[in-house]
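Biologist: I am new to this structure and would like a close look at one part of it. Please pick a single charged contact, describe it, and then place it among the other charged and surface features.

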Amino acid sequence: MGTGTDFDLVTDLGWSKNTSGGQCEGLVYDSDGRAVKGVQPFNSWVRLHGKGALEGLTDKDGRFRLYLEAGCNPMLLNIPQRSTDLGEEADGRLYSGYAYGGINLCRFNQELWEYVRDLEVVTGLIEVLDKDTVRYWRVVKALQRSLNAYDDDDRDGTLASARAELAEVLDQTAGATTFHENAIGHAHIDAAYLWPKRETRRKIGRTVSNVLALMDQDDDFLFAMSSAQQYAWLEKDYPDLFKRMKKRIDQGRFIPVGGMWVEADAMMPSGESLVRQITTGMKYFKEHLGVTPNGVWLPDSFGYSGALPQIARRAGYSWFLSQKISWNDTTKFPHHSFIWEGIDGSDILTHFPPTDTYAAEVTPNELRYSEVNACDKESIDQGLLLFGYGDGGGGPTREMLGRLSRMNDLEGIPTCRLSTPDAFFHELSKEMDQCEARERPRWHGELYLQLHRATLTSQQDMKAGCRHEEGLLRVMEYMGCRARLSNPDYRYPSDEIDAIWRRLLLNQFHDILPGSSIAWVHREAREDFDKDIRALERMIQDATEAIADGVPESPLLENGRVSQANWRPHSVPSDQVKALDESGNTNVGAPTVRMKDDTYILANDIVQATVGKDGRVLSCRDSKTGRELVVAGIGLGGYRLLIDKPCERDAWEIDRDAFLGPCEYGKTTKVVPIGSATSSGVEVTTRIGSETTIVTRIVLDRGGHGLRFHAKVDWRERDRFLKVSFPLALRTSTATYECQYGTIDRPVYRDTKDTEAIFESCTHRFVYLHEGGYGLGLVNASTYGSSIFPLEQGGISGNQPGTLLELSLLSSPSFPDPNTDTGRIHEFTWELLPGANLDEVVQEASEINAPVLAHVPDIQPLIELCRHQGDVVLDWVKPADDGSSDIIVRLYEPIGERADAVIHASALLSKATVCETDLLEEDGETHGMPKALTGPDSEPTVHQGRETRIPLEGARLSLAPYQLTTLRIRP
């Protein structure tokens with residue numbers, strides 16, 4: 001191999017040219033086991049000799065030995081979505097789509113390669129230029145002269161002249177007024193999707209090796225990668241690549257972004273889970289990469305909670321990036337660069353790339369589209385271009401960089417230059433500051449994605465597992481803090497808890513928790529949930545035993561709960577009910593159940609309900625006001641089975657037509673009275689669909705606040721969507737849904753395109769409806785999807801007697817997992833709360849979602865809140881992340897009103913001090929966000945560095961609507 005000559009190995013593993021990744025991908029190693037470079041359909045070369053070649057690949061005589069490892073993965077990406085078992089497991093079958101095409105040693109002709117890039121840009125420019133302009137005809141003529149000058153039989157003799165004919169038109173610069181694209185290399189890699197997590201780890205190695213190889217060839221190339229989990233996998237699986245990558249990070253060329261553990265779903269996880277995505281990810285970024293990202297990077301999540309701006313700002317972020325809202329199926333979002341204002345009023349600079357993609361190829365057409373598509377051009381003249389093939393396609397290519405270098409400043413299209421995300425947002429911030437305040441682009445509340453609505457329901461085990469594990473983690477971290485203070489022999493299992501959190505955060509990735517991955521992925525996630533739930537239950541038992549040993553005088557509760565509404569362990573009645581005879585429930589003090597005219601009447605101090613022989617609730621009357629809540633003649637709690645065959649993206653979508661087409665209603669086969677010492681009700685057996693059986697208990701509890709339902713569904717359907725219906729005799733134009741750290745109002749009426757598009761939305765733990773001064777809530781323990789519509793009767797002259805609210809329970813899409821949720825029993829709990837105000841609904845949602853603990857000591861909570869005005873939720877209590885004895889407490893205002901409270905400390909914390917922190921637990925740091933903590937007038941503050949510590953006992957909290965705050969307690 002001669003000096004100055006570049007040689008490449010060019011591979012062909014039988015790839016399909018229909019997609020850049022998601023198929024057979026490979027990684028080349030040298031004889032020492034070093035990862036050299038990945039090979040993919042559009043990135044199949046390996047530099048063997050010349051600029052960019054790894055040192056030592058060839059000996060002095062040009063000999064070499066390399067190894068190619070490839071995955072024969074079935075190609076499920078970008079093909080018609082049909083039922084297939086290819087995603088079930090590694091079964092050894094040979095996927096027939098690949099045929100080895102050989103590996104060739106090629107001399108790299110730099111001048112010819114440059115000419116091809118010239119032609120790509122010039123022909124692309126012709127496609128987007130106005131045919132009536134001088135520029136168009138000058139470029140066309142230059143192309144004609146160039147092609148006439150080139151002779152493929154005499155490349156060496158004609159290349160220079162052919163390129164010279166294009167030089168002038170490629171040197172013409174853009175005008176003074178043009179759009180500017182800031183380009184950053186990127187490769188969006190799903191943590192799991194149409195491949196298992198183990199394959200994602202290999203995709204990361206291949207992609208990073210490509211990026212490093214490209215950086216060795218191009219000194220200006222910049223690349224951004226998110227997700228601490230992906231860096232952690234790289235560090236463990238490819239330590240040589242990680243070491244080389246770290247050098248590029250230190251140079252500012254390989255740029256870690258986002259700071260989260262994974263690019264999580266941004267609608268369904270709890271507020272604390274979103275916080276831990278950031279704190280866990282940031283800790284890794286700081287300790288292993290030496291960086292602290294400044295912006296949230298979530299280009300592909302399926303909608304964005306209105307709580308995110310406050311969470312981001314309180315973690316120290318200054319900007320937010322996505323592009324998924326460009327996928328809307330009904331209306332176009334009105335901004336690309338704007339101030340996103342959260343439900344609490346926190347705002348953050350936000351950008352959606354106007355190319356509407358996170359995988360651009362850097363073409364004139366993309367640049368032209370970005371300018372035409374961009375909103376707010378009267379004040380904002382730039383965008384961020386994310387380029388590179390994702391999901392195993394290997395990231396940016398040298399061809400993309402070649403085109404980009406020609407389009408830095410080219411007449412006829414926007415300018416395009418490499419830039420870091422931070423540099424782009426810095427310039428964007430300056431442009432935004434120059435806008436008149438009233439004209440500054442702004443959006444308030446959630447970013448609802450008008451697409452992928454079925455992901456709130458698909459793979460219900462993901463939703464139930466996530467909700468249950470979050471509840472157990474809340475209890476475990478609190479009880480662990482309590483045990484450390486009560487019993488000096490107790491050792492908090494921090495390593496095990498951290499590992500559980502990391503697995504939960506990974507399983508909240510935006511294709512795992514939403515249920516849009518292959519069966520293999522969801523099987524592994526179910527195994528994670530099962531294992532970690534068992535481990536948490538064991539650890540909670542260990543903590544409660546340690547507390548009991550440390551406080552032996554405390555009585556033990558046989559079954560108890562610790563919830564956000566009541567942090568003191570409190571008894572929970574046994575759920576063991578039995579069938580009753582005609583005499584009903586004879587237990588003193590239990591709610592009554594009696595039969596009357598083929599119906600069962602249930603009653604306690606709160607509710608009187610009538611259940612018909614068809615198993616539906618025919619009447620539900622508020623015992624305090626006498627108000628009837630069920631629309632006459634319809635019945636409440638019935639099941640409805642929709643035909644679920646969306647036009648595309650099976651597991652992702654529930655089409656409008658599913659609500660309009662034929663549906664099947666459940667047929668009741670048996671209704672029997674049931675009861676226990678503390679509850680009474682009926683058990684209803686329902687058949688629906690082909691073979692699905694649902695056993696529902698409708699129960700009133702002594703001291704309960706509403707009508708409780710518990711359903712066991714033996715799900716046996718295909719291409720169906722199961723809902724449970726609540727036709728409520730209550731008229732309202734909006735419904736209030738819980739979101740992280742607050743609520744969001746959504747429309748009931750569908751009188752605009754935007755409101756019509758919200759026909760399925762995220763419920764979290766409750767929905768609250770109110771008509772004038774009367775309200776009711778529907779709380780649930782494991783579901784997220786729901787729909788709400790005005791309930792109409794009669795023709796055009798009919799009336800609207802109420803509102804139809806439906807919880808979405810199960811679906812059974814055929815792709816990508818043809819057996820989604822089928823063949824398993826799924827359990828659900830929900831409760832209707834008549835006459836409740838929003839505070840009471842929040843409290844009951846906390847209770848119904850709190851796990852039941854066995855043999856828990858009845859002890860005073862570590863801290864209590866004396867509320868003077870409004871409501872404050874004590875959401876989380878945990879050990880400090882730094883391993884000290886400090887305790888972290890997270891609180892928020894839940895219903896959108898101002899609130900004031902005073903903290904009272906237990907005897908264990910009588911001498912404790914407290915300060916306010918950011919979400920990263922930095923003392924005294926709130927990043928300019930409103931503070932909530934003030935000291936009692938009679939106590940002096942204690943200054944320690946920049947932090948201001950005050951006595952915990954008597955400390956005052958003053959929170960604005962939906963305000964979140966984090967306190968650090970030093971015992």
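Modeller: The contact to start with is the salt bridge between Arg-538 and Glu-496, whose closest N and O atoms are 2.5 Å apart. The model is a predicted one. Arg-538 belongs to helix α14 (residues 519–550) and Glu-496 to helix α13 (residues 494–507), so the pair ties together parts that are 42 residues apart in sequence. Side chains of opposite charge can pair when their charged atoms come close.

Both partners are partly exposed. For Arg-538 the relative accessible area is 40%, and for Glu-496 the relative accessibility is 32%. With buried set at under 20% and exposed at over 50%, values in between count as partly exposed.

Arg-538 has a further partner. Asp-542 forms a salt bridge with Arg-538, and here the closest N and O atoms are 3.9 Å apart. The cut-off for a salt bridge is 4 Å, so this pair counts as one. Asp-542 and Arg-538 both sit in helix α14, with their positions 4 residues apart, about one turn of the helix. Asp-542 is partly exposed as well, at 37% relative accessibility.

Salt bridges also occur elsewhere in the model. In one of them, Arg-621 pairs with Glu-628, and the closest N and O atoms lie 3.4 Å apart. Arg-621 is partly exposed, its relative accessible area being 36%. Another group is joined through shared partners: Glu-25, Glu-69, Glu-199, Arg-202, Lys-203 and Arg-206 form one network of salt bridges. The structure holds 70 salt bridges.

Next come charges that are not paired in this way. Asp-151, Asp-153, Asp-154 and Asp-156 gather on the surface in a patch of negative charge. A residue with a salt bridge is not admitted to a patch, so these four aspartates have none. Asp-153 lies in the loop between α2 (134–149) and α3 (155–171). Asp-153 is exposed, because its relative accessible area of 76% is over the 50% limit.

The surface also has a nonpolar patch, made of Leu-68, Tyr-100 and Ile-103, with about 290 Å² of accessible area together. Leu-68 is found in strand β5 (residues 66–71). Leu-68 is partly exposed at a relative accessible area of 32%, and patch members need over 30%.

To return to the starting point, Arg-538 forms a salt bridge with Glu-496 in helix α13 and another with Asp-542 in its own helix, α14.

Conventions. Residues numbered from 1 in each chain as written. Predicted model: local features only at pLDDT ≥ 70, side-chain atom pairs only at ≥ 80, totals over all residues. Heavy atoms only, no water. Patch = residues over 30% accessible without salt bridge, like charges linked within 9 Å, V, L, I, M, F, W, Y side chains within 5 Å. Areas by Shrake-Rupley, 256 points an atom, 1.4 Å probe, with all protein chains shown as cover. Salt bridge = Lys/Arg side-chain N within 4 Å of Asp/Glu carboxyl O. Lys, Arg positive; Asp, Glu negative; His and termini not counted. Charge placed at Lys NZ, Arg CZ, Asp CG, Glu CD. Helix = DSSP H or I, 4+ residues; strand = E, 2+ residues; numbered from the N terminus. Buried < 20%, exposed > 50% of the residue type's maximum accessible area, 1.4 Å probe, protein only.
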